[in-house]
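Colleague: Before we go any further, please take a close look at one part of this model for me. I would like to follow it slowly, with each term explained as it comes up.

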Amino acid sequence: MEPVTSQALPPLLKWAGGKRWLLPYLRPLWAQYVNHRLVEPLGGGLAITLGLRPRRAWVNDINPHVINFYKWVQQGLELPFSDSDHNEQAFYRHRARFNALIANGEAMSKEAAQLFYYLNRTCYNGLCRFNADGLFNVPFGKYKRVRYARSFPAHEKAFEQWAFTCGDFEQMTGLTPEDFIYADPPYDVEFTKYSKDGFSWEDQKRLARWLAQHEGPVVISNQATERVKELYTSHSYLIFEVPGPRRISCNGDRSPAPEVLAFKNVDLPSEVFEMLQAAKLSTSAFFSGRPKE
Ligand SMILES: C[S@@+](CC[C@H](N)C(=O)[O-])C[C@H]1O[C@@H](n2cnc3c(N)ncnc32)[C@H](O)[C@@H]1O
């Protein structure tokens, strides 16, 4: 069998809700599954999958532009941008060209992938937002300096045996009990009917149900709202609450916002269990379950 490479790679894109900070919890667990396929049904910036760097992976996202970008990276994407592209005028010219490609049915082209990368680096906060006509509408980011990569050889190599698909997670059929799923949905925004990114509470329930019927290992991360904790408990996940990196500043409260890490069908290594227990002690935490004997 081919030796398993464990060299972590950084995300290529800025992405809302990146989960790189969860890697210390997941690395020792993944070590037991390195020869399995890692499946990320809501991949986004891929902080976890790139950080664990499996030999085989299946990455899915409903956003066609991010998947198109990864597919071109897999084929050896080269980028034509330099420091001189980092100004407001160039940004709006590139944004207009990207939107023209979308309007002309060329959103899956190599040029669209190059421009998507440029816009992600240069736009305000790395946001990925489209108007009702499907056109990218994030303004210029006003960063002092942005570094543009010219190519991604390490990622191209890592992607050799990775599959990329675009669609709703439930369209992913053909999973086997050998597949290790890591799912990171958009945050649940409790008390809000219309949640961010169009991912409703119904979608959160649909995802929890869909993952619960997977016979192999499943890990989910999400914001630790009361209803998320109840939902995962109702599907018999082993759940931990851990302090996230985000800081809430209203009322002067600077404490990290709690997140949930939920596990199913895994042998949780004692090292991970202890880390999660210790993290829990530093918050007013919620915890249910025990590691498998
Ligand atoms: C919180 S982000 C994932 C971030 C990722 N874990 C990281 O570290 O960068 C959630 C992702 O879910 C995707 N998404 C939203 N609804 C989806 C759906 N119904 N099916 C598949 N992906 C979806 C979004 O496009 C977004 O990229």
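Modeller: Helices (H or I, at least four residues) and strands (E, at least two) are DSSP runs, numbered from the N terminus. With that in hand, we can start at Arg53, which is found in the loop between α2 and β2. You are looking at a predicted model, in which local features need pLDDT of at least 70 and side-chain atom pairs count only at pLDDT 80 or more, whereas totals for chains, interfaces and linings use all residues. Residues are numbered from 1 along each chain as its sequence is written.

Arg53 has a positive phi, about 50°, although it is not a glycine. Its surroundings can be described by burial: a residue is buried if 20 or more other C-beta atoms, placed from the backbone, lie within 10 Å of its own, exposed if 12 or fewer, and partly exposed in between. Arg53 counts as partly exposed, because it has 19 C-beta neighbours inside 10 Å. Another residue that can be read in the same terms is Asn265, which lies in the loop between β7 (256–264) and α9. Asn265 is not a glycine, yet its phi is positive, about 55°, and it counts as partly exposed because 17 C-beta neighbours lie inside 10 Å.

Let us now see what comes up against the stretch of chain just after Arg53. Gln161 has its place in the loop between α6 (153–158) and β3 (162–166), and when its neighbours within four places in sequence are left aside, it is in contact (C-beta atoms, placed from the backbone, within 7 Å) with Arg55 and Arg56. Gln161 is exposed, because only 11 other C-beta atoms lie within 10 Å of its own. The C-alpha atoms of Gln161 and Arg37 are separated by 9.7 Å, although these residues are 124 residues apart along the chain.

Val272 also brings together parts of the chain that are separated in sequence. Val272 has its place in helix α9 (residues 270–281), and it counts as buried because it has 22 C-beta neighbours inside 10 Å. Not counting residues up to four places away in sequence, Val272 touches Tyr25, Pro28 and Leu29. From C-alpha to C-alpha, Val272 and Leu29 are 7.2 Å apart in space, while in sequence they are 243 residues apart. For the protein chain as a whole, among contacts between residues at least 6 apart in sequence, 70% join residues at least 24 apart.

Two helices show how burial can be arranged around an axis. Helix α4 (residues 88–103) has 16 residues and reaches 22 Å from its first C-alpha to its last, close to the 22 Å expected at 1.5 Å a residue, where the expected span is 1.5 Å times one less than the number of residues. Its buried residues are Phe91, His94, Arg95, Phe98 and Asn99. They cover an arc of only 135° around the axis, which puts them on the same side of α4; the arc is that of the directions from the helix axis to the C-beta atoms. An α-helix has 3.6 residues a turn, so residues three or four places apart point the same way. The face of α4 turned away from its buried side carries the exposed residues Gln89, Tyr92, Arg93 and Ala103, and what covers the buried residues of α4 includes α5 (110–122). After α4 comes Gly105, with a positive phi near 75°.

Helix α7 (residues 201–212) can be followed in a similar manner: it has 12 residues and reaches 16 Å from its first C-alpha to its last, close to the 16 Å expected at 1.5 Å a residue. Gln204, Leu207, Ala208 and Leu211 are the buried residues of α7. They cover an arc of only 95° around the axis, which puts them on the same side of α7. These buried residues pack against β4 (180–183), β5 (218–223) and α8 (226–234).

Finally, a word on the whole chain and on confidence. The protein chain has nine helices and eight strands, and 37% of its 293 residues count as buried. Its mean pLDDT, the predictor's confidence in each residue from 0 to 100, is 90, and 87% of its residues reach 70 or more. Over residues 283–293, however, pLDDT stays under 50, and for these the model has 20 contacts beyond four places in sequence. Where pLDDT is low, the predicted coordinates should not be read in detail.

Definitions and conventions. Contact = placed C-beta atoms within 7 Å.
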